[in-house]
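User: I am new to this structure and would like to learn how to read it. Could you walk me through it step by step?

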Amino acid sequence: QVQLVESGGGLVQAGGSLRLSCAASGRSFSGYAMGWFRQAPGKEREFVACISWSGGSLYYADSVKGRFTISRDNAKNTVYLQMNSLKPEDTAVYYCAVDRSVGTMGRGASGSMDYWGKGTLVTVSS
């Protein structure tokens, strides 16, 4: 079965950094885009960042641009999210997603993702 397992979440002070990882397994993900969404309490799930199979196309939400960096290691079927200069408003459950279209993911179409992880909680204190 296909599984996406996130790790790296936790509690950090404002201005600090965290690195999230998502390891996918259960099938070949050749050609698939990978990325991250997040959902804060009482809010809708929102797009954060995504990256194409080749790494040639990257998309970031305006709210994280310049602070977060997405990368992937295809040999490990793993996507990473380096989060720097964290703010309290970054507090959310972060979900890993995989989809055949980097364009679809980059538009923030969370309802059409092929696969989802269960999420990892990031809490940023002030």
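Analyst: Happily; we will go from the whole chain to one sheet, and then to two single residues. Please keep in mind that this is a predicted model.

User: Which helices and strands does the protein chain have, and in what order do they run?

Analyst: A good start is to list the elements from the N terminus on. The protein chain has one helix and eleven strands. Their order is β-β-β-β-β-β-β-β-β-α-β-β, with the helix placed after nine strands and before the last two.

User: How do I judge the overall form of the protein chain?

Analyst: One way is to compare the radius of gyration with the value expected for a compact globule. For 126 residues that value would be near 14 Å, and the protein chain has 13 Å, so the two agree. Along its principal axes, the C-alpha trace spans about 40 × 25 × 25 Å.

User: What share of the residues is buried, and what does the surface consist of?

Analyst: Of the 126 residues, 40% count as buried. The accessible surface of the protein chain comes to about 6200 Å², and carbon and sulfur atoms account for 46% of that area. You can also look at how contacts link the sequence: among those between residues at least 6 apart, 58% join residues at least 24 apart.

User: How should I read a sheet here?

Analyst: Follow the order of the strands across the sheet, then look at their pairing. An open sheet of four strands has the order 1-3-8-7, and the pairing is antiparallel. Its edge strands are strand 1 (3-7) and strand 7 (68-73), each of which pairs on one side only. Neighbouring strands in this sheet are turned by 15 degrees against each other on average, direction ignored.

User: What joins strand 7 to strand 8, and how do they pair?

Analyst: The two strands form a hairpin with four residues between them. In the turn, Asn77 has a positive phi of about 50 degrees. Strand 7 and strand 8 (residues 78-83) pair in the antiparallel sense over six bridges. As one example, Phe68 has Met83 in strand 8 as its bridge partner.

User: Which residues of strand 7 are on its covered face, and which are on the uncovered one?

Analyst: Phe68, Ile70 and Arg72 make up the covered face, while Thr69, Ser71 and Asp73 make up the uncovered one.

User: Now for single residues. Is Thr120 buried or exposed?

Analyst: Compare its relative accessibility with the cut-off: buried means under 20%. Thr120 has 11%, so this residue counts as buried. Thr120 lies in strand 11 (residues 120-125). Leaving out residues up to four places away in sequence, Thr120 touches Glu6, Ser7, Gly8, Gly9, Leu20, Ala92, Val93 and Tyr94. The side chain of Thr120 also reaches the backbone nitrogen of Gly9 at 3.3 Å.

User: And what can I say about Glu46?

Analyst: Glu46 is in strand 5 (residues 46-51). With 36% relative accessibility, Glu46 counts as partly exposed. Apart from neighbours within four places in sequence, Glu46 is in contact with Phe37 and Arg38. The side chains of Glu46 and Arg38 make a polar contact at 2.7 Å. Finally, Glu46 and Gly111 are 65 residues apart in sequence, with 11 Å from C-alpha to C-alpha in space.

Notes: Residues are numbered from 1 along each chain as its sequence is written. This is a predicted model: local features need pLDDT of at least 70, side-chain atom pairs count only at pLDDT 80 or more; totals for chains, interfaces and linings use all residues. Side-chain values use heavy atoms; hydrogens and water are left out. Two strands pair if DSSP finds at least two bridges between them. Axes are lines fitted to C-alpha atoms, for helices over the stretch in contact, and angles run from 0 to 180 degrees between N-to-C directions. Buried means under 20% relative accessible area, exposed over 50%, partly exposed in between (1.4 Å probe, protein chains only). Contact means heavy atoms within 4.5 Å. A polar contact is a pair of N or O atoms within 3.5 Å; within protein, one must be able to donate a hydrogen and the other to accept it, and residues adjacent in sequence count only if both atoms are side-chain atoms. The radius of gyration is taken over C-alpha atoms; the globule rule is 2.2 Å times the number of residues to the power 0.38. Accessible areas come from the Shrake-Rupley method with a 1.4 Å probe; for residues, only the protein chains shown count as cover.
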